[in-house]
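Colleague: Could you walk me through this one and tell me what backs each label you use?
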Amino acid sequence: MHAADTYATIRTALITDFRVPEDEVTPDATLEQLELDSLALAEFALILEERLGVKIDSEHAVRTTTLAEITDHLDRLRTAAVAS
Amino acid sequence: MARATSPVAVTGLGLFTPAGDSAETTWATVCAGRSQAAPDPRLAGLPVDFSCRVPVPEEEVDRRVGRKSWRMGRAEKFAVLAAREAVRDAGLDPKSWDGARVATIIGCGMGGGEKWEEQQARLQERGPDMVSPLLIPLIIPNLVSGGVSIDLGARGVSLTPASACASGATAIAVARDLLAADLCDIAVTGGAEAALGRLSTVGFWRMGALSERADDIGGASRPFAADRDGFVMAEGAGVLVLERVADATARGARPRALLAGCGSTSDAFHPTSPPEGAQGAEAALRAALAEAGLSPYDVDHVNAHGTSTPLNDATEAGLIARVLPHRPSVTGPKGVLGHTLGAAGAIEAALTVLTIQHRRVPPIANLQAPAPAFDIDCVTKQPRRQDVRTAVSHSFGFGGHNVVLALTAWP
């Protein structure tokens with residue numbers, strides 16, 4: 001239900017907060033390919049928590065995770081949050 | 001007089017200051033003699049709500065720094081931009097140099113105060129889980145040199161001297177020593193500061209150091225003026241590339257000027273006040289000249305520390321009049337730039353190099369008459385043409401730190 005909105009938030013964070021070039025931000029890109037190290041991932045998780053209201057599980061955001069997978073994970077959390 | 005230490009060549013300059021985003025633009029604005037102080041929205045509601053910020057929005061700073069800007073504090077970004085300019089200006093290429101022999105010595109007086117304050121508020125209001133994981137790398141002061149080292153691939157010694165408002169000059173003196181000791185071949189050195197936080201500004205205000213001229217912000221910073229009432233907070237960075245003269249000339253570089261001597265002393269007196277006779281500052285001036293093999297009468301020009309505080313300027317003017325009684329020209333760039341704290345000594349060293357190169361002494365902003373209370377020759381209103389062969393740049397910092405750099409024309 002949130003997918004487009006969640007992905008847009010992720011995309012915006014990567015482009016504006018982490019200055020990843022727009023053409024690199026694709027659903028199948030991994031965090032590692034986007035040059036996000038462990039420090040960056042921790043900050044990325046905090047930014048997404050602030051903007052989406054849900055906290056990413058660290059095992060769902062490792063270097064090999066794709067943006068599509070993160071979107072999917074956050075969507076499930078957001079749906080659960082709305083349901084509860 | 002015998003020279004105690006060989007001079008080193010200044011082969012590159014980079015500036016990122018309230019007066020411009022490069023050495024060239026800063027120089028033009030400083031020569032125009034107009035204060036860059038302006039209302040500061042981030043200080044709104046405070047007793048002092050104006051400052052001198054760099055004229056480049058944060059977003060544009062980040063764009064210029066590039067992909068790693070997210071993990072850098074503001075002062076570190078300034079240092080990186082100024083260092084890139086200085087290295088480019090020196091005609092050096094970080095892709096081909098021997099990075100192990102490149103030192104990065106960049107001073108910083110305060111560290112990332114604004115970020116500290118912002119995250120402190122988050123901790124109080126939202127709890128520890130909402131504090132940024134980047135907090136520490138964004139606030140520790142040594143990242144101004146660490147960040148430049150990473151950006152340039154400079155793998156030699158890297159450190160961030162902190163001697164408050166003398167930090168930038170201390171860094172240059174340390175870098176000169178490293179070159180003289182053959183501990184590096186190239187030194188990327190200077191100072192960077194971005195400490196315009198609300199708390200740090202209030203701190204300087206509470207100790208009575210800041211100008212309160214809220215009804216005349218452009219006239220607030222007025223070094224050596226009879227009605228001066230304090231300094232104006234500022235931010236920025238200045239970086240010089242130093243090399244041994246033989247190395248510079250061997251690769252065909254033309255030095256902009258020579259760093260001929262450095263004098264560093266301590267007052268051993270009081271944390272924030274100079275002793276009345278300025279013995280420590282005088283010793284630093286004499287030490288710099290002795291190292292350069294020069295006598296006081298060789299000094300053509302003084303780039304004064306000139307903060308626009310009542311006590312500092314009176315003490316410094318007395319020192320100049322006493323040790324340099326032949327009335328060399330005096331300028332004080334803080335009238336235009338405000339006080340960039342840990343960056344000031346480096347920015348002013350760079351401006352002194354440009355003064356020598358362009359044979360042009362910038363005026364002191366807001367000084368109408370040539371310092372009526374003091375027997376020194378202040379340059380006012382417009383730049384003065386002068387063939388400056390030898391100049392000294394003064395920097396003094398809380399803690400009783402005194403650093404004087406003696407710069408001479410090339411050849």
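Modeller: Sure, and keep in mind that this is a predicted model. Let's start at the hairpin of β14(B) and β15(B): three residues sit between the strands, and G399(B) takes a positive phi near 105° there.

Colleague: How do you know that β14(B) and β15(B) pair?

Modeller: Pairing takes at least two bridges found by DSSP. β14(B) and β15(B), residues 401-408, are joined by eight and run antiparallel, so they count as paired. T390(B), for instance, stands opposite T408(B).

Colleague: What makes β9(B) a partner of β14(B)?

Modeller: Three bridges link β9(B), residues 301-303, to β14(B), and here the strands run parallel. The cut-off is at least two, so this pair qualifies. H301(B) faces A391(B) across it.

Colleague: Why is β14(B) called largely enclosed?

Modeller: Because eight of the eight residues in 390-397 of chain B are buried. T390(B), V392(B), H394(B) and F396(B) point one way, A391(B), S393(B), S395(B) and G397(B) the other, and all are buried.

Colleague: Why is C184(B) called buried?

Modeller: The label needs 20 or more other C-beta atoms within 10 Å. C184(B) has 24, so it is buried. This cysteine lies in the loop between α7 and β6 of chain B, and R101(B), G156(B) and L178(B) are among the residues C184(B) touches.

Colleague: What makes C184(B) and V379(B) a pair that is not in contact?

Modeller: Contact is judged on C-beta atoms within 7 Å. C184(B) and V379(B) are 38 Å apart, C-alpha to C-alpha, so they are not in contact.

Definitions and conventions:
Residues numbered from 1 in each chain as written. Chains lettered and ligands numbered in written order. Predicted model: local features only at pLDDT ≥ 70, side-chain atom pairs only at ≥ 80, totals over all residues. Buried ≥ 20, exposed ≤ 12 C-beta atoms within 10 Å, placed from the backbone. Helix = DSSP H or I, 4+ residues; strand = E, 2+ residues; numbered from the N terminus. Contact = placed C-beta atoms within 7 Å. Lists of a residue's contacts leave out its neighbours within four places in sequence.
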